[in-house]
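User: I keep running into labels when people talk about protein models, and I'd like to know what stands behind them. Can we go through this one and check the reasoning each time?

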Amino acid sequence: MTEYVKISDAEGVRTIAFSRTDKKNALTREMYDAAANALNGAQNDPEIRVVLFAGEGDSFTAGNDLNDFLEHPPFSEDGPSPVERFMTALMEAKKPVVAAVGGLSVGIGVTMLLHCDLVYASRMATFSTPFVKLALAPEFASSITMPAVMGCAKAAEMLLLGEKLSAEEAERAGLVARVFADEELIEQATARCRKLAKLAPGAVADAKTLLRAPAEDLAARMQREGKLFNERLGSDEFKEAAGAFFERREPDFSKFG
Ligand code: COA
């Protein structure tokens, strides 16, 4: 347990908020552990449909705590370190993960966004990955995920030069889905999470899996989608969706877990 990560559940959404504001929410080993536990716990909790990451104060996170970095190298040969547990939990999450970036986001604060399903930002948000400037290296597959998300040119500016993107630039680059006024970010991101939480959970999980699956041959993907589509047509979730359409009512997917 750490006071620096705040976890709250409401309306199917688990919010995991970094809350170490005097250090710009720089992430310690205890914070990674707390966030990993909250994220893993959400996967087995039928009440939770969506996870939302946020940062309190004027930062999302200033990245890994640099003191911690020096004392505990994050990549360990004696089993997974806290940051590895956290990033593995993120990469393996079956439920959708959303991030609301309301200020600066540095290093792993950006690396983790590349594994989120939706990233929202406020106008004051900035994004930077100064690994090479710090004489370090890209991490957690960001040398693959960043060019895949924003193209090689922007990824090189970020990963080689360590250049900072504004919220609007990050939206144009495809890292951010939408930018909101600073005071509206959390409300808007939460509303979208609640919308996601009301959708059919199996359908959401299948779509997430497809969106995050490694590139494959188009014909193979078409076949995979076709098989899934037929399975979905036979699902109780589809029966509820179709029933709701013909009965002219809102579908209720709350009984599906
Ligand atoms: N690790 C540990 N402490 C950090 C930190 C980090 N990653 N980022 C910020 N802090 C601490 C500062 O040391 C300072 O602590 P202090 O008040 O006890 O001196 C406090 O947070 C506020 O930071 P400060 O630098 O005064 O704020 P700023 O608004 O001028 O700058 C940053 C903010 C994020 C641009 C700057 O702190 C910074 O560059 N941090 C390092 C980011 C980084 O390199 N992350 C790792 C990438 S791999």
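User: Why is Gly109 called buried?

Analyst: This is a predicted model, so every value here is computed from predicted atoms. Gly109 has a relative accessible area of 0%, and buried means under 20%, so the label fits. You'll find Gly109 in helix α4.

User: What makes a residue count as touching Gly109?

Analyst: Contact means heavy atoms within 4.5 Å. Setting aside residues up to four places away in sequence, Gly109 touches Phe60, Thr61 and Gly63. As for Leu136, the C-alpha atoms of Gly109 and Leu136 are 15 Å apart in space, with their positions 27 residues apart in sequence.

User: How do you know whether Ala38 is buried or exposed?

Analyst: Same routine. Ala38 has a relative accessible area of 6%, and the cut-off for buried is under 20%, so Ala38 is buried. Ala38 sits in helix α1 and touches Ile7, Arg14 and Ile16, not counting residues up to four places away in sequence.

User: And how far is Ala38 from Leu218?

Analyst: C-alpha to C-alpha, Ala38 and Leu218 are 36 Å apart in space, and they are 180 residues apart in sequence.

User: Why is strand β2 described as largely enclosed?

Analyst: Just look at the tally: 6 of the 6 residues of β2 (residues 13–18) are buried, so the rest of the structure largely encloses this strand. Both faces are covered, too. Val13, Thr15 and Ala17 are buried on one side, and Arg14, Ile16 and Phe18 are buried on the other.

User: How do you know which strands β2 pairs with?

Analyst: Two strands pair if there are at least two bridges between them. Strand β1 (residues 5–10) and β2 have 6 bridges and pair in the antiparallel sense, while 6 bridges also join β2 to β3, and those two run parallel. Both counts meet the cut-off, so both pairings hold. Arg14 shows up in each: Arg14 in β2 is the bridge partner of Asp9, and Val51 in β3 is the bridge partner of Arg14.

User: What is the phi of Glu11 in the hairpin of β1 and β2?

Analyst: Glu11 takes a positive phi near 50° there. The hairpin has 2 residues between its strands.

User: What makes β4 and β9 edge strands?

Analyst: They belong to an open sheet of 4 strands, in the order β4-β6-β8-β9, with mixed pairing. β4 (59–61) and β9 (165–166) each have a single partner strand, so one side of each is left without a neighbour in the sheet. β4 pairs with β6 in the parallel sense over 2 bridges, which is just enough, because at least two are needed. One of the bridge pairs is Ser59 with Leu104, the latter in β6.

User: Why does Glu240 count as buried?

Analyst: Glu240 has 10% relative accessibility, and buried means under 20%, so Glu240 makes the cut. Glu240 is in helix α10 (residues 236–246). Beyond its neighbours within four places in sequence, its contacts include Arg249, Pro251 and Phe253.

User: How do you know that Glu240 and Asp252 make a polar contact?

Analyst: A polar atom of the Glu240 side chain lies 2.7 Å from the backbone nitrogen of Asp252, and the limit for a polar contact is 3.5 Å. That distance fits within the limit.

User: Why is Arg221 called buried?

Analyst: Arg221 has 16% relative accessibility, which is under 20%, so Arg221 counts as buried. Arg221 lies in helix α9 (residues 218–233).

User: What makes Lys23 a polar contact of the ligand?

Analyst: An N or O atom in the Lys23 side chain is 2.5 Å from an oxygen atom of the ligand, and the limit is 3.5 Å. The backbone joins in as well: a polar backbone atom of Ala62 is 2.9 Å from a ligand nitrogen, and a backbone N or O atom of Leu66 also lies 2.9 Å from a nitrogen of the ligand. The protein covers 55% of the 860 Å² of accessible area that the ligand has on its own.

User: Which classes of residue make up the shell around the ligand?

Analyst: The shell has 8 nonpolar, 1 polar and 4 charged residues.

Notes: Residues numbered from 1 in each chain as written. Predicted model: local features only at pLDDT ≥ 70, side-chain atom pairs only at ≥ 80, totals over all residues. Heavy atoms only, no water. Polar contact = N/O pair within 3.5 Å; in protein donor to acceptor, adjacent residues only side chain to side chain. Areas by Shrake-Rupley, 256 points an atom, 1.4 Å probe, with all protein chains shown as cover. Nonpolar A, V, L, I, M, F, W, Y, C, P; charged D, E, K, R; others polar. Buried < 20%, exposed > 50% of the residue type's maximum accessible area, 1.4 Å probe, protein only.
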